[in-house]
Amino acid sequence: MNNGSMRAVGVIPGRREVALLQHAMPRVSGPTELKVRTLDVGICGTDREICSFAYGTPPDGSDYLVLGHEALGEVVETGPGVTKFKTGDLVVPTVRRPCPHDHCPSCRDARQDFCFTGDFTERGIKMTHGFMTEYFVEDQAHLNIVPRALRDVAVLVEPLTVAEKALAQVWQVQQRLPWNNGSSGLRGAGKTAVVLGAGPVGILGAMALLVNGFKTYVYSRSAEPNPKAALVNSIGAKYISSATTSLADFAREVGTIDLVYEALGVAKISFEVMKVLGLNGVFVFTGIPPHKPAIPVEADSLMRQVVLMNQAIIGTVNADRPAFETAIRDLGTFQERWPDSLSKIITGRHPMENYRELLLGKAAGIKNVITVAQ
Ligand SMILES: [Zn+2]
Ligand SMILES: [Zn+2]
């Protein structure tokens, strides 16, 4: 092991370059910090967008940003004040770090996912280096223990937190409807959910909806047969292609829609599907579309509908610690229920040297992972 520096994949925005870099080996410097050996790092659309220089800001004083925010690692060193972790533990880090302002009540309450000032940082995205490197140091407040049994799939925890935070908000909003809780004890029992998009966030979201009892449909573009559709159908959700099924036919087949979980990042189809959201329904946006020319939306009829049907439209970003804990628990449930389907979400494992095709090449497969260490 080289004590001076280690390999990292990062962007150099000033030169518009994506590169394999030498990055300083981090050291435990605070009592509650841990050093973690990176095992797996997932790649997603956010990383690819940072590599197109749409956003992504290096830390102050650095001309590069180490990428990677979806990570699994193993604790190799603990500070003297670390109470919750020991060497050898598997851990998944959260992504967002709080802003420094005393007047930000959410950050002061460890809820930086709801930061009021915008001065938060995010590892691998905004002003803090990410995990696409051999080791990282992190405070215990930002790490979550993962059971050994989830070693091969725990890199999916972070993308699953998108659904977990979304669902936590859906439960809160729907407390306005205290009458129709399912008799099975599952909060989605007797209700219907639609997932838009069949990428990793969509498929993991469909799994989370199913374990909460929802009848779950996934509406996505690609015509069947295709591997994502097969995966969706294998878990007991139903895949419907927007290329071969019109919105009207889709709505007829699905019936009353209680929840739409958008995981696509495309406004046109999202606002189309909003038109068929049911009475007292919730529509959750999680996708971030790129800036594009304006499109027509039937705004008056949508506004009428949202009011007259008591609908809630929610946007959600990032995730808090409880969402990570729920994601880890649910991933265990997914592994018991659908071991083959869950492992099929990871369609490629690559060495760090493949970073270029993974980040800049044509998107392929479902979830690609960089295996930093075994
Ligand atoms: Zn991501
Ligand atoms: Zn804040």
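In the predicted model, a salt bridge joins Asp-89 to Lys-86, with 3.1 Å between the closest N and O atoms. The two partners differ in their exposure to the surroundings: Asp-89 is buried, its relative accessible area being 11%, whereas Lys-86 is exposed at 56% relative accessibility. These assignments follow from the cut-offs applied, because buried denotes a relative accessible area under 20% and exposed one over 50%. Side chains of opposite charge can pair when their charged atoms come close. Under the criterion used, the count of salt bridges comes to 21.

A further salt bridge is formed between Arg-111 and Asp-113, whose closest N and O atoms are 2.9 Å apart. Arg-111 is partly exposed, with a relative accessibility of 26%, while Asp-113 is buried at 4%. Both residues belong to a network of salt bridges that also links Lys-165 and Asp-320. Glu-272 and Lys-275 likewise form a salt bridge, with a distance of 3.5 Å between the closest N and O atoms. Glu-272 is partly exposed, having a relative accessible area of 28%, and Lys-275 is also partly exposed, with a value of 32%.

The model contains a zinc ion (ligand 1), coordinated by Cys-44 through SG, His-69 through NE2 and Glu-70 through OE, at 2.0 to 2.2 Å. Along the chain, the donors of the zinc ion follow the spacing C-x24-H-E. His-69 counts as buried because its relative accessibility of 4% falls under the 20% cut-off. Glu-70, at 2% relative accessibility, counts as buried as well.

An open sheet is formed by three strands in the order β2-β1-β4, with antiparallel pairing. Its edge strands are β2 and β4, each of which pairs on one side only. Strand β1 spans residues 5-12; six of its eight residues are buried, so this strand is largely enclosed by the rest of the structure. Strand β2, comprising residues 17-24, runs antiparallel to β1 and is joined to that strand by eight bridges. The two strands form a hairpin with four residues between them, and Arg-16 in the turn has a positive phi of about 50°. Strand β4 (residues 65-66) is also antiparallel to β1, to which two bridges join it. Gly-10 has a bridge partner in each of the edge strands: Ala-19 in β2 and Val-66 in β4.

A second open sheet of three strands has the order β7-β8-β9 and mixed pairing. Here the edge strands are β7 (96-97) and β9 (127-128), each pairing on one side only. Strand β8, made up of residues 121-123, pairs with β9 in the parallel sense over two bridges. Within this pair, Glu-122 stands opposite Met-127 of β9. The loop between β6 (90-93) and β7 contains Val-95. This residue is buried, with a relative accessible area of 3%. The C-alpha atom of Val-95 is separated by 9.8 Å from that of Phe-131, a residue 36 positions away along the chain.

A right-handed β-α-β unit is made by β18, helix α11 (residues 355-360) and β19. Its strands, β18 at residues 346-350 and β19 at residues 367-371, pair in the parallel sense over four bridges. In this pairing, His-350 stands opposite Ile-370 of β19.

At the surface, Met-303, Val-307 and Leu-308 make a nonpolar patch of about 350 Å². Val-307 is located in helix α8, which covers residues 299-308. This valine counts as exposed because its relative accessible area of 58% lies over the 50% cut-off.

Definitions and conventions
Residues numbered from 1 in each chain as written. Chains lettered and ligands numbered in written order. Predicted model: local features only at pLDDT ≥ 70, side-chain atom pairs only at ≥ 80, totals over all residues. Heavy atoms only, no water. Pairing = 2+ DSSP bridges. Right-handed = clockwise from strand over helix to strand, strands pointing away. Patch = residues over 30% accessible without salt bridge, like charges linked within 9 Å, V, L, I, M, F, W, Y side chains within 5 Å. Areas by Shrake-Rupley, 256 points an atom, 1.4 Å probe, with all protein chains shown as cover. Salt bridge = Lys/Arg side-chain N within 4 Å of Asp/Glu carboxyl O. Buried < 20%, exposed > 50% of the residue type's maximum accessible area, 1.4 Å probe, protein only. Donors = N, O, S within 2.8 Å, 3.2 Å for Na, K, Ca; no water.
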